[in-house]
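Biologist: I would be grateful for a close look at a single part of this model, namely its pocket. Please describe that part in detail and then set it in the context of the fold.

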Amino acid sequence: MSERPSRYDRYQDPLQVYAEADAETRAVIEKELDRIAALDQREVRLNALGLNYGVVITLAFLAACVFLIATGHGIEGTVLGVMFIIGLVAVIAFGRRR
């Protein structure tokens, strides 16, 4: 591997490079691909978990607001509901920026 690759070697198809590689190099490539796939699956699981927690928190705040308003604490329930909606909109707006 002391030879410098020619400028045409840089533009080879990754599948062609894999097909021409020896067994040890193929093992390293497969291990790296498995690691990348595991990271992708982990990210998907974390995103799903975050959405599930978001739904639970939203329903809890909604139930708390309805309970406060139903028990005669209309101002407190309304303030809590409005603050929750403002917070939810802010999280959605800032979360889409990245």
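**The largest pocket and the helices around it**

Modeller: In this predicted model, the largest pocket holds about 430 Å³ of space. Its lining consists of 14 residues, and those closest to the centre of the pocket are Gly50, Leu51, Gly54, Val91 and Ile92. Two elements, α2 (23-70) and α3 (74-95), each give two or more residues to this lining. The greatest share comes from α2, which supplies eight residues. By character, the lining of the largest pocket divides into eight nonpolar residues, five polar residues and one charged residue.

The two helices may now be taken in turn. The helix α2 comprises 48 residues and reaches 70 Å from its first C-alpha to its last, close to the 70 Å expected at 1.5 Å a residue. Just after α2, Gly72 adopts a positive phi of about 95°.

The helix α3 has 22 residues, and its end C-alpha atoms lie 31 Å apart; this agrees with the span of 32 Å that should result at 1.5 Å a residue. Its buried residues are Gly77, Gly81 and Phe84. These three are on the same side of α3, because they cover an arc of only 65° around the axis. What covers these buried residues includes α2. Thus α2 both gives residues to the pocket lining and belongs to the cover over the buried residues of α3. The face of α3 turned away from the buried side carries the exposed residues Ile75, Met83, Ile86, Val89 and Phe94.

As to the wider setting, the secondary structure of the protein comes to three helices and zero strands. Along the sequence, the pattern reads α-α-α. Of the 98 residues in the protein, 5% are buried, a class that requires under 20% relative accessible area. Gly77, Gly81 and Phe84 of α3 belong to that class.

Notes
Residues numbered from 1 in each chain as written. Predicted model: local features only at pLDDT ≥ 70, side-chain atom pairs only at ≥ 80, totals over all residues. Heavy atoms only, no water. 1 Å grid on protein atoms, 1.4 Å probe; cavity = no way out; pocket = protein on both sides within 12 Å on 5 of 7 lines; lining within 4 Å. Points joined across faces, edges and corners; volume = space filled by probe spheres on them. Helix = DSSP H or I, 4+ residues; strand = E, 2+ residues; numbered from the N terminus. Nonpolar A, V, L, I, M, F, W, Y, C, P; charged D, E, K, R; others polar. Expected span 1.5 Å × (residues − 1). Buried < 20%, exposed > 50% of the residue type's maximum accessible area, 1.4 Å probe, protein only. Arc of directions from axis to C-beta. Contact = heavy atoms within 4.5 Å.
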